[in-house]
Amino acid sequence: MILLETADAMRAWSRARRAEGHTIGFAPTMGALHEGHASLARAAVRECGVAVASIFVNPAQFAPNEDFDKYPRTFEADRAMLEGIGVHALYLPSARDMYPESYSTYVEVGGVSQGLCGGSRPHFFRGVATVVTKLFNAVEPDRAYFGQKDAQQCAVIRRMARDLDTGIEIVQMPIVREADGLAMSSRNRYLGPEERTRALCISRSLFEAGRRMGGGLKDAAAVAAGVREGMAETRIDYVELVDAETMRPVAAVDRPVLLAAAAWVGDTRLIDNILFTPEAPKEDASCC
Ligand code: AMP
């Protein structure tokens, strides 16, 4: 696995692989890798001739009061994991190269970036869309892999990739969970044992809501209320049922929906979600 530290070096390497006839798969990360990240890297290796991963803890997506400084950095373990998976190149830009002193260009994605995490972290998606645009410009991938764990982020990137004519296919991979249901996250490392147990109420409440929707519950407010009740041991940021594509709130479970939750467990903010698609109504044989 080759390590590349500048956009120019990354792009030159990528272009050489493309000239050899390879397609390029890309899995961007902020490091502190776990099996969720590994699933993206494995998909890139499996589905593309050449797989690139990146590690960059992006200052532009953290507000001053957030955890940029304490965000876990585990480079040697990350490198070993990616190498073991068979990733061909690891892009490691520096913050100074990404955002030099006179840096002044940002990417704002309308619509899908509003609400949910965009509501509680107003700086966040501008930072994400900007850094992913820059990573895309360095890697020039054919396909890029993102996790459903950050479903709104995936919707924002998909919209950005389409609106800016990148030609890059955005692939959303399912959430990888611990055996007890907790969605894997680099931030789970912050949780003490008692908090780790308490955090389980998030996935448990979402799964229970999934069962209720499967049983025919249609009312979005009732679905969300059940989840809130189940998450009483946390400090809830939001629980919302939204259209899975537009991220706009829905009143009823009458299309593919995303049930998304964010909550604080101690000092740690966690997010999780489930996707749910109601069964199409049965054809009425008596009609027509
Ligand atoms: P991060 O390093 O947190 O910025 O995440 C990098 C990528 O990994 C994003 O596309 C995330 O959605 C994805 N990811 C993080 N956690 C998981 C998970 N538990 N399952 C699947 N993908 C994940």
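**Cavity, ligand shell and pocket in the predicted model**

Helix α6 makes the greatest contribution to the lining of the largest cavity, to which it gives six residues. The structure described here is a predicted model, and a search of the whole of it finds two cavities of 30 Å³ or more. The largest cavity has a volume of about 830 Å³ and is lined by 47 residues, of which Met30, His37, Lys149, Asp150 and Gln153 are the closest to its centre. The elements that each give two or more residues to this lining are the strands β2, β5, β8 (257-265) and β9 (268-276), together with the helices α2, α5 (116-120), α6 (124-139) and α7 (151-163). When the lining of the largest cavity is divided by class, 27 residues are nonpolar, 14 are polar and six are charged.

The ligand sits in this largest cavity, where 17 residues surround it and Met30, His37, Asp150, Val176 and Met184 are the closest. Met30, His37 and Asp150 thus appear among the residues closest to the ligand and also among those closest to the centre of the largest cavity. At least two residues of the shell around the ligand are supplied by each of β2 (24-29), α2 (35-47) and β5 (143-147), and the largest share, three residues, comes from α2. By class, the shell around the ligand comprises nine nonpolar, six polar and two charged residues.

Polar contacts to the ligand involve both backbone and side-chain atoms of the protein. In the case of Met30, a polar backbone atom is 2.9 Å from an oxygen atom of the ligand, and a polar backbone atom of Gly147 is likewise placed 2.9 Å from a ligand oxygen atom. For His37, by contrast, the contact is made through the side chain, a polar atom of which lies 2.9 Å from an oxygen atom of the ligand. Taken alone, the ligand exposes 490 Å², and 92% of that area is buried by the protein.

Apart from the cavities, the open pockets of the model were also examined, and the largest pocket holds about 340 Å³ of space. Sixteen residues line this pocket, and those closest to its centre are Asn65, Glu66, Asp67, Trp264 and Arg269. The lining of the largest pocket divides into four nonpolar, four polar and eight charged residues, whereas that of the largest cavity has 27 nonpolar, 14 polar and six charged residues.

Technical notes: Residues are numbered from 1 along each chain as its sequence is written. This is a predicted model: local features need pLDDT of at least 70, side-chain atom pairs count only at pLDDT 80 or more; totals for chains, interfaces and linings use all residues. Side-chain values use heavy atoms; hydrogens and water are left out. A residue is near a molecule or strand if one of its heavy atoms lies within 4 Å of it. A polar contact is a pair of N or O atoms within 3.5 Å; within protein, one must be able to donate a hydrogen and the other to accept it, and residues adjacent in sequence count only if both atoms are side-chain atoms. Accessible areas come from the Shrake-Rupley method with a 1.4 Å probe; for residues, only the protein chains shown count as cover. On a 1 Å grid over the protein atoms alone, a cavity is a set of points where a 1.4 Å probe fits but cannot get out, and a pocket is an open set with protein on both sides within 12 Å along at least five of seven lines; lining residues have an atom within 4 Å of a point. A molecule sits in a cavity or pocket if more than half of its atoms lie within 2 Å of its grid points. Helices (H or I, at least four residues) and strands (E, at least two) are DSSP runs, numbered from the N terminus. Ala, Val, Leu, Ile, Met, Phe, Trp, Tyr, Cys and Pro count as nonpolar, Asp, Glu, Lys and Arg as charged, and the others, Gly among them, as polar. Grid points are joined across faces, edges and corners, and a volume is the space filled by probe spheres set on the points.
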